[in-house]
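Open the model in your viewer and keep the selection panel at hand. Each stop below says what to select and what to look for there.

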Amino acid sequence: MLIVEPIKALSDNYIWHIHNHEFSIVVDPGDAEVVQQAIDGKSLVAILITHHHWDHTNGVAELKQQYPDIPVYGPNNSPFELIDEKLSEGDTVSFQQLGIKFNIIEIPGHTLDHIAYINSDSVFCGDTLFSIGCGRMFEGTPEMFNLSLNKLKLLPDETKVYCTHEYTQSNIAFARSLEPNNQALVEYQTQVNQWRQQGLPSLPTTIGREKALNPFLKADDPNMQQRLSDLVRQQVSQPVSAFAALRKLKDTF
Ligand SMILES: [Zn+2]
């Protein structure tokens, strides 16, 4: 039985811990100490990195000291220097101890070195897709980022999306400013507020929910484009310009 649990780290990061009570994989360990507490005697099999940002990699050096034989997987073009196994789109990685296999896709935009790890029912997508939002565009272009989101949209609706930040509530506030009459968004907001009041994460989400509610996955939707045209007082009729307008509006929301 494979279990995926969040390890809370830093201010609002989640390090995802994939385990079967015996073996562990961690995704984006920004902090070594909380990882060690969570691993709690299990055997660490691998460290997976989605992109180079420090809040996703800061624990790697310390973990490598404690588990010197454990490989660190990450993007082929990453500036992060502690990656042993460099991955590109189309690669697969298997971990027999956990009976798990990941397909790799490249999803640049937040950074240039961003990859996602996809297995049969889940995607670990780092800071590219959040629930009802997406990462800031630090290194990429709107074309690149929109293409990356389109790749994620192709996954089956029931795919669980393991994002690495708890930003859902503020993302919903932004989405509601764009779609004030979207009743499903109101219902999701109520649900997320309940979870957060109980101290529960709002993640994972699903591809199906994000396609229905996440404005950044609606860049090709004519209604969204019309709403954006009204807001920026300029004709927005292409997915890439819609994505660019959305990202810019959210940056100052
Ligand atoms: Zn990041």
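Start with Asp127. The model is predicted, and in it aspartate 127 counts as buried because its relative accessibility is 3%, under the 20% limit for that class. Show the secondary structure around the residue. Asp127 sits in the loop that runs from strand E10 (122-126) to strand E11 (129-130).

Now display the surroundings of Asp127. Leaving aside neighbours within four places in sequence, its contacts are His51, His53, His56, His110, His114, Cys134, Gly135, Thr164 and His165. Pick out His110 from that group. The side chains of Asp127 and His110 are joined by a polar contact of 3.3 Å.

**The zinc ion**

Select the zinc ion next. Which atoms coordinate the zinc ion? They are NE2 of His51, ND1 of His53, NE2 of His110 and OD of Asp127, at 2.1 to 2.3 Å. Check the angles among the 4 donor atoms: they span 89 to 163°, and the site is irregular. Along the chain, the donors follow the spacing H-x1-H-x56-H-x16-D.

Compare two of the donors, His51 and His110. His51 belongs to the loop between strand E4 (43-48) and helix H2 (54-57), and His110 to the loop between strand E8 (100-106) and strand E9 (115-118), so this pair ties together parts that lie 59 residues apart in sequence. Are these residues buried or exposed? His51 is buried, at a relative accessible area of 0%. His110 is buried too, at 4%.

**The annotated binding site**

Select Asp55, His56, Asp127 and His165 together. UniProt, in an unreviewed entry, lists these four under "binding site". They are spread over 111 residues of sequence but cluster in space, with a largest C-alpha distance of 10.6 Å. Turn on the largest pocket. Its lining includes Asp55, Asp127 and His165 from this set.

Stay on His165. It lies in the loop between strand E13 (160-163) and helix H5 (168-178). His165 is buried, with a relative accessible area of 5%. Its side chain makes a polar contact of 3.2 Å with the side chain of Asp55. Beyond residues up to four places away in sequence, His165 touches Asp12, Asn13, Tyr14, Asp55, His56, Asp127, Phe130 and Leu203.

**The annotated domain**

Colour residues 12-165. The unreviewed UniProt entry annotates this span as "domain: Metallo-beta-lactamase". Its end C-alpha atoms are 6 Å apart. The span is 20% helix and 34% strand.

**Serine 24**

Go to Ser24, in strand E3 (residues 23-27). Ser24 counts as buried, at 0% relative accessibility. What does its side chain pair with in a polar contact? The partner is the side chain of His17, at 2.7 Å. Not counting residues up to four places away in sequence, Ser24 touches His17, Ile18, His19, Ile39, Lys42, Ser43, Leu44, Val45, Ala46 and Leu98.

**Last stop: glutamine 183**

Select Gln183, in helix H6 (residues 183-197). Gln183 counts as partly exposed, because its 48% relative accessibility falls between the 20% and 50% limits. Draw a distance from its C-alpha to that of Cys125. The two C-alpha atoms are separated by 27 Å, and the residues are 58 apart along the chain.

Conventions. Residues are numbered from 1 along each chain as its sequence is written. This is a predicted model: local features need pLDDT of at least 70, side-chain atom pairs count only at pLDDT 80 or more; totals for chains, interfaces and linings use all residues. Side-chain values use heavy atoms; hydrogens and water are left out. UniProt positions are given in the numbering used here, feature names are shortened, and annotations may be inferred rather than shown by experiment. On a 1 Å grid over the protein atoms alone, a cavity is a set of points where a 1.4 Å probe fits but cannot get out, and a pocket is an open set with protein on both sides within 12 Å along at least five of seven lines; lining residues have an atom within 4 Å of a point. Helices (H or I, at least four residues) and strands (E, at least two) are DSSP runs, numbered from the N terminus. Buried means under 20% relative accessible area, exposed over 50%, partly exposed in between (1.4 Å probe, protein chains only). Contact means heavy atoms within 4.5 Å. A polar contact is a pair of N or O atoms within 3.5 Å; within protein, one must be able to donate a hydrogen and the other to accept it, and residues adjacent in sequence count only if both atoms are side-chain atoms. Donors are N, O and S atoms within 2.8 Å of the metal (3.2 Å for Na, K and Ca); water is not among the atoms, so sites may look incomplete. Four donors count as tetrahedral if all angles lie between 85 and 135 degrees; four count as square planar and six as octahedral if opposite donors are over 155 degrees apart and all others between 65 and 115; anything else is irregular.
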